[in-house]
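Here is the note you asked for, set out point by point. Please read it with the sequence and the coordinates open beside you.

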Amino acid sequence: MPNNTFTLTLSCAQRLGIVHAVSAFLYQHDCDIAQHQQFDDTRNGSFFLRTSFIPKDDTDVAHLTEQFDSVATEFGMSYQFNDCRSPRVLVMVSRMGHCLNDLIFRWRAGILGAELVAVVSNHTDLRPMADAAGLPFVHVPVTPNTKPRAEAELLDLVQRYDADLVVLARYMQILSDDLCRALHGRAINIHHSFLPGFKGAKPYHQAFDRGVKLVGATAHYVTSDLDEGPIIEQEVTRIDHSYDPERLATVGQDVEALALSRAVRWHCEHRVLLHGHRTVVFS
């Protein structure tokens, strides 16, 4: 897409005339539609839309939002305009660096769709990786006694770096319900299994013990229900009996990095719409 592409995402109850109303609005405001995707959830009577467009004149999100409000009110829409600015992403890690390394590579290659702004960790193991990428590294230790203070510091860092999205790239701490609510819809986690299996510690040892034939990973939005947030992306790869736990872990890390990077990119390109406990992903 050209660098000056805007997006409109919306959801509402199914009704005749929605696409016509959106198209007419964009035409009246001298906008050229570049891509249009929609989904009719006939089971629940819901409608979802993502339209990317190129304004021919100078405009901004605030102006478009103000002008579109009457259309949205008529159809009962929840909607959002986004400009071409790359969302700012704060990455949280612990000691495993495969997902962070992959995000950094894609960011530097210009294919992540986002701007990495800082790395936060409860350990210092990955400081050299952040330093090499020129990213600020913030060490925030977490213990049961300091967890509330650490989470308050995290929220402060989100505000300080003006982060649009928080990515838990194998951050091995459970977030409190309050923090999950504060980051609702703007925090993505990668889980080391094709949910809902193999939760908890040593997932690849569990997989080896059960003789699995597929290794998977799940990227999802963070909620207070541990590892049960709305799923954005899942990835799997086939294995066989010859894989020991160490080789399983290596393969699994590749799968995790791929699923997470896709989820981050789709979120930052405004392709993911929350739909209760599910998502609509215009990939």
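The points below go from the overall fold to one helix, the nonpolar cores, a buried glutamate and the aromatic pairs.

1. Overall form. Please keep in mind throughout that this is a predicted model. The protein contains 8 helices and 13 strands, and its C-alpha trace spans about 60 × 40 × 35 Å along the principal axes. A compact globule of 283 residues would have a radius of gyration near 19 Å, and the 20 Å found for the protein agrees with that.

2. Burial and contacts. Of the 283 residues in the protein, 48% are buried, while the accessible surface comes to about 14200 Å², with 49% of it belonging to carbon and sulfur atoms. If one takes the contacts between residues at least 6 apart in sequence, 67% of them join residues at least 24 apart.

3. Helix H3. This helix covers residues 98–109, and its 12 residues reach 17 Å from the first C-alpha to the last, close to the 16 Å expected at 1.5 Å a residue. Its buried residues are His-98, Cys-99, Leu-100, Asp-102, Leu-103, Ile-104 and Trp-107. In an α-helix there are 3.6 residues a turn, so residues three or four places apart point the same way. The buried residues of H3 pack against four strands and two helices, namely S5 (88–93), S6 (115–121), S8 (165–168) and S9 (187–191) together with H4 (127–132) and H8 (245–268). After H3 comes Gly-110, which has a positive phi, near 80°.

4. The largest nonpolar core. This core has 34 residues, and those with the most contacts inside it are Leu-103, Leu-116 and Leu-260. At least two of its residues come from each of S5, H3, S6, S8, S9, strand S10 (214–221) and H8, with H8 giving the largest share, 7 residues. Which residues does Leu-116 touch, leaving aside its neighbours within four places in sequence? They are Val-89, Val-91, Leu-103, Ile-104, Trp-107 and Leu-135. Another core, of 23 residues, lies apart from the largest one and includes Ala-118, Val-138, Leu-154 and Val-158.

5. Glu-256. This residue lies in helix H8, and because its relative accessible area is 0%, Glu-256 counts as buried. Beyond its neighbours within four places in sequence, Glu-256 is in contact with His-98, Cys-99, Arg-170, Ile-190, His-192, Tyr-204 and Ala-217. Two of these partners, His-98 and Cys-99, are among the buried residues of H3.

6. Aromatic pairs. The structure holds 8 aromatic pairs. One of them joins Phe-39 and Phe-48, which are stacked, at 6.2 Å centre to centre and with 25° between the planes. Phe-39 is partly exposed at 34% relative accessibility, whereas Phe-48, at 3%, is buried. The pair of Tyr-79 and Phe-81 is edge-to-face, because the planes stand at 80°, with the ring centres 6.0 Å apart. Tyr-79 has a relative accessible area of 22% and is therefore partly exposed, while Phe-81, with 3%, is buried.

7. The ring cluster. Tyr-79 and Phe-81 also belong to a cluster linked by ring pairs, together with Phe-6, Phe-25, Phe-53 and Phe-68.

Note on methods
Residues numbered from 1 in each chain as written. Predicted model: local features only at pLDDT ≥ 70, side-chain atom pairs only at ≥ 80, totals over all residues. Heavy atoms only, no water. Expected span 1.5 Å × (residues − 1). Buried < 20%, exposed > 50% of the residue type's maximum accessible area, 1.4 Å probe, protein only. Contact = heavy atoms within 4.5 Å. Core = buried A, V, L, I, M, F, W, Y, C linked by side-chain atoms within 4.5 Å. Rg over C-alpha atoms; globule rule 2.2 N^0.38 Å. Areas by Shrake-Rupley, 256 points an atom, 1.4 Å probe, with all protein chains shown as cover. Phe/Tyr/Trp six-rings, centres within 6.5 Å; stacked < 30°, edge-to-face > 60°.
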